[in-house]
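Subject: Structure handover

Hello,

Here is the structure I said I would pass on. Please open it and keep it beside this email while you read.

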Amino acid sequence: MRDIPKVELHLHLEGGAPPAFIRGLAKEKSVDLSGIFRADGGYTYRDFWHFLQVYEAATSVLTSPDDYARLTTAVLEESAANGVVYSETFLSPDFCGGGDVGAWREYLHAIREAADRAEAQHGITLRGIITCIRHFGPERARPIAECAAQTAGDWITGFGMAGDELKGKPADFKWAFDCAREAGLRITVHAGEWGGAQSVRDALDALQPDRIGHGVQAIDDLALVDRLAEDGIVLEVCPGSNVFLGVCKDWRSHPIEKLRERGVKVTVSTDDPPFFGITMTSDYENLNRHFGWDEEVFAEVNRTALEAAFCDAATKEKIAKRLGTKAP
Ligand code: ADE
Ligand code: ZN
C-alpha cells in the first residue's frame, strides 16, 4: 500500500505538522503548549470543535516564513514516504501574515522554495489552495480571497473554505468566492462533514464548487448523491479523519464505497494526518481491509484525483507518468 503512487487533494498544511515539530517550535519560542499534548507526545482534544482550537493553538507557534518553510519540508517528507507523488495543500493567509497581501507573499515564497527542494529530493509535487476559515466569518474571508487573487497562477491554483461548517452560511462568503473565481482559481468547499446533506446542497447552490471537501453526509440524501454523480462534482473524502473524529462510527459504516458504487467521483486524502495518527498508507490499508479495494480500484481513484486536480495540463502529464497512466 505504501508503494502505490498516490494523488492527495485535501491536506491542511498546518494539519500536517508533526507534534514533535510543534513542540520543538514552542520550546524555541518559550510558548507553553503543554495542554495540547498527551503524555506520549501526540495531540489531544475532546471532539471536532476542540480539535479546531488545538489546531489553532498548535498553529500559533508558526510565526515566520522560515517556520512555514520548515513545516513544508516536514510535511512533504512524510507524504512522499507514504507514496504521495502529487499533493494539493490548503494554505491559510489568516495564519501566514494575518491576511496582509505583502506578508502573505513572503510566506508563499518560503513555502514554494521548500516545495521545490522537496520535489528535487523526494519527487513530490505540491500545489497550493488558499483557504478561508468559515468560523472566522465572511468579513475576514475577503482579504484572504484578495491574497488568493493576487497570487493566483500555476502554483496557487484554487480557493476553498475550511473550519466550522455549522457557523454561517456559504452564501455569506459569495463575495470571497466570486473574487477568487474571477482571478481564475478553481473552487472547493468543506461541506457535509458535520453539517449534513443540506450543507452540501447549500455549498453547491451558493458557491458552485468544482469539488467538495468531505461531502460524505450526502449519503443521507440519495437525490443529492445522484446530483453529485451527474454533475461530476468530485468529493475529497478523508475516511481516516472521519472515523477518527467520529463523523462515522467505524470504518465499516463509512459511506465511501456506497458513494463510489452510485457513481460519485470519490478521491482519498488524510486532512490532518498527525492529528489523527493516520497516513495515506494506513487509510489505503483500511480501505483494502474493509471494502476490498485493490490496486485496480486505487489506480482508478488516483486517476480521478489527477483529473480533478487544479494544476495545469503539463503538470498533469508529468504526474500521469508517475501513476503509470495517460494524462486526463
Ligand atoms: N481544518 C482542518 N481540518 C479540518 C476539518 N477536518 N474540517 C474543517 N476544517 C478543518
Ligand atoms: Zn479539511
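Below is what was found in it, starting with the metal site.

Please keep in mind that this is a predicted model.

The zinc site

The zinc ion (ligand 2) has His10, His12, His190 and Asp271 as its protein donors. The three histidines each use NE2 and the aspartate uses OD, at 2.1 to 2.2 Å from the zinc ion. Along the chain, these donors follow the spacing H-x1-H-x177-H-x80-D. His10 sits in strand β1 (residues 6–12), while Asp271 sits in the loop between β8 (265–268) and α11 (273–276), so this pair ties together parts that are 261 residues apart in sequence. Both His10 and Asp271 are buried.

Why is the arrangement of the 4 donor atoms around the zinc ion called irregular? The angles they subtend run from 85 to 170 degrees. Four donors count as tetrahedral if all angles lie between 85 and 135 degrees, and for comparison the ideal tetrahedral angle for four donors is 109.5 degrees.

Ligand 1

Which residues surround ligand 1? They are His12, Phe48, Phe51, Tyr55, Ala162, Gly163, His190, Glu193, His214, Asp271 and Asp272. Among them, His12, His190 and Asp271 are also donors of the zinc ion.

Three polar contacts of ligand 1 are worth finding on screen:
- a polar backbone atom of Gly163, 2.9 Å from a nitrogen atom of ligand 1;
- a polar side-chain atom of Glu193, 2.7 Å from a nitrogen atom of ligand 1;
- an N or O atom in the side chain of Asp271, 2.7 Å from a nitrogen atom of ligand 1.

On its own, ligand 1 has 260 Å² of accessible area, and the protein covers 97% of that.

Two backbone angles

Two residues other than glycine have a positive phi: Gln208, near 45 degrees, and Asp271, about 75 degrees. Are they buried or exposed? Gln208 is partly exposed, with a relative accessible area of 44%, whereas Asp271 is buried, at 3%. Gln208 lies in the loop between α7 (196–207) and β6 (211–214). The loop that holds Asp271 is the one between β8 and α11.

The annotated domain

An unreviewed UniProt entry carries the annotation "domain: Adenosine deaminase" for residues 5–323. Over those residues the chain is 50% helix and 15% strand. The end C-alpha atoms of this stretch are 6 Å apart.

If you look at one residue, take Asp271: this residue is a donor of the zinc ion, has a side-chain atom 2.7 Å from a nitrogen atom of ligand 1, and has a positive phi.

Regards

Terms used:
Residues are numbered from 1 along each chain as its sequence is written. Chains are lettered from A and ligands numbered from 1 in the order in which they are written. This is a predicted model: local features need pLDDT of at least 70, side-chain atom pairs count only at pLDDT 80 or more; totals for chains, interfaces and linings use all residues. Side-chain values use heavy atoms; hydrogens and water are left out. Donors are N, O and S atoms within 2.8 Å of the metal (3.2 Å for Na, K and Ca); water is not among the atoms, so sites may look incomplete. Four donors count as tetrahedral if all angles lie between 85 and 135 degrees; four count as square planar and six as octahedral if opposite donors are over 155 degrees apart and all others between 65 and 115; anything else is irregular. Helices (H or I, at least four residues) and strands (E, at least two) are DSSP runs, numbered from the N terminus. Buried means under 20% relative accessible area, exposed over 50%, partly exposed in between (1.4 Å probe, protein chains only). A residue is near a molecule or strand if one of its heavy atoms lies within 4 Å of it. A polar contact is a pair of N or O atoms within 3.5 Å; within protein, one must be able to donate a hydrogen and the other to accept it, and residues adjacent in sequence count only if both atoms are side-chain atoms. Accessible areas come from the Shrake-Rupley method with a 1.4 Å probe; for residues, only the protein chains shown count as cover. UniProt positions are given in the numbering used here, feature names are shortened, and annotations may be inferred rather than shown by experiment.
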